[in-house]
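Please open the model in a viewer with side chains available for display. The tour below proceeds by selection, stating at each stop what is to be found there.

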Amino acid sequence: MKNDMRITYPLWQMAGIFIIMGFVLLVGYAATVNTFSDGGFGFEFSISGNSGILLNVMLVIVVLYLILFFYNIKKHNERMPKHKISMTTYKPQEYLEDDELFQDVTKQATKKVYTYFAWALPIMAGVYLMLPIGKVWMTVGVLLLAAGQYWIYYRTIKKFISSV
Amino acid sequence: MLKNRLKELRARYSFTQIELAKQVGVTRQTIGFIEKGEFSPSVTLSLKLAKALNCDINEIFWLEGEEEHEE
């Protein structure tokens, strides 16, 4: 189980979300949307010295992330041909359905995620309605919510794995 | 709660958890969790275990509180 990437997959997803979050913040602060009186709008993207460096750093992080991510998938698929991680399926890769115990654990973790969304989404909608939050931070909120689901899923599975 | 004596019966045949798991088509973890009483197997798996251990299903599993009745 130690080398099973299906277990750490939610962490990879979270890392991906945080990278996207970095871009959202960077673009959010570097971009300006101008609306014109004739109804059109323009999108202006200005990068100063510091944000230019940040953008380059982030691009390097993206490349490194993708290399590591696909390398680990390749290694996992070689090690576990029966439980390959495939990018061509709708089913989340982190589902463990090797047998009925694993199906049960997956069910428990999924149940926790569902409960989390059942509460988090209406609370978030309420906060967005009540407070004057900008688009950038709204998007960051959505991304944090998505990262939260992976964290809950990962913790549940990890708890089970460490007790095995 | 479902109680069991899977570990005891497994020892009768000197099966390791992995060997028994292979026989019934599950993972070693599943056998371990059943033995610890932390996972209740389905009827199908219970029947497979009974067959692999060559015994009656009631010899492996019983409900808590019915121990005295069984013994």
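**A nonpolar patch on chain A**

Begin by selecting A:Val27, A:Val33, A:Phe41, A:Phe43, A:Phe45 and A:Ile47, which form a nonpolar patch on the surface with about 580 Å² of accessible area together. The model is a predicted one. Strand β2 of chain A, residues 41-45, gives the most to this nonpolar patch, contributing three residues. Within that strand, centre the view on A:Phe43. A:Phe43 has a relative accessible area of 55% and is therefore exposed.

**Aromatic pairs and a cluster**

Aromatic side chains are the next subject; over all chains, the count comes to 11 aromatic pairs. One of them joins A:Trp12 and A:Tyr65, a tilted pair with 5.9 Å centre to centre and 50° between the planes. A:Trp12 belongs to helix α1 (residues 5-30) of chain A and A:Tyr65 to helix α2 (residues 49-79) of chain A, so the pair ties together parts that are 53 residues apart in sequence. Are A:Trp12 and A:Tyr65 buried or exposed? Both A:Trp12 and A:Tyr65 are buried. Extend the selection to A:Tyr9, A:Phe69 and A:Phe70, which form one aromatic cluster with A:Trp12 and A:Tyr65.

**Salt bridges in chain A**

Turn now to charged side chains. A search of the whole structure finds eight salt bridges over all chains. Select A:Asp4 and A:Arg6, whose salt bridge brings the closest N and O atoms to 2.6 Å apart. A:Asp4 counts as buried because its relative accessibility is 2%, and A:Arg6, at 6% relative accessibility, likewise counts as buried. Add A:Asp98 to the display: A:Asp4, A:Arg6 and A:Asp98 are linked in a network of salt bridges.

Next, select A:Lys74 and A:Glu78, which form a salt bridge with the closest N and O atoms 3.2 Å apart. These two residues, A:Lys74 and A:Glu78, are four residues apart in helix α2 of chain A and so are separated by about one helical turn. A:Lys74 is exposed, with a relative accessible area of 52%; A:Glu78 is also exposed, at 54%.

**Annotated segments of chain A**

An unreviewed UniProt entry places the feature "transmembrane region" at residues 12-33, 53-73, 113-131 and 137-154 of chain A. Colour residues 12-33 of chain A: this stretch is 86% helix and 14% strand, with its end C-alpha atoms 32 Å apart. Residues 113-131 of chain A are 95% helix and 0% strand, and their end C-alpha atoms are 26 Å apart.

Then select A:Val127, in helix α3 (residues 100-130) of chain A. A:Val127 is partly exposed, with a relative accessible area of 34%. A distance label from its C-alpha atom to that of A:Met138, 11 residues apart along the chain, should read 9.9 Å.

**Chain B**

Finally, move to chain B, where UniProt lists residues 6-60 for "domain: HTH cro/C1-type" in an unreviewed entry. Over residues 6-60 of chain B the chain is 67% helix and 0% strand, while the end C-alpha atoms lie 6 Å apart.

Display B:Lys36 and B:Phe33: B:Lys36 lies over the face of B:Phe33, at 4.6 Å from the ring centre. The last stop is the salt bridge in which the side chains of B:Arg5 and B:Glu8 meet, at 3.9 Å from N to O. B:Arg5 is partly exposed, with a relative accessible area of 23%, whereas B:Glu8 counts as exposed at 55% relative accessibility.

How values were computed. Residues are numbered from 1 along each chain as its sequence is written. Chains are lettered from A and ligands numbered from 1 in the order in which they are written. This is a predicted model: local features need pLDDT of at least 70, side-chain atom pairs count only at pLDDT 80 or more; totals for chains, interfaces and linings use all residues. Side-chain values use heavy atoms; hydrogens and water are left out. Patches are made of residues with over 30% relative accessible area and no salt bridge: like charges are joined within 9 Å, nonpolar side chains (Val, Leu, Ile, Met, Phe, Trp, Tyr) within 5 Å. Accessible areas come from the Shrake-Rupley method with a 1.4 Å probe; for residues, only the protein chains shown count as cover. A salt bridge is a side-chain nitrogen of Lys or Arg within 4 Å of a carboxyl oxygen of Asp or Glu. Buried means under 20% relative accessible area, exposed over 50%, partly exposed in between (1.4 Å probe, protein chains only). Rings of Phe, Tyr and Trp (its six-membered ring) pair if their centres lie within 6.5 Å; planes under 30 degrees apart count as stacked, over 60 as edge-to-face and the rest as tilted. A charge sits over a ring if NZ of Lys or CZ of Arg is within 6 Å of the ring centre and within 35 degrees of the ring normal. UniProt positions are given in the numbering used here, feature names are shortened, and annotations may be inferred rather than shown by experiment.
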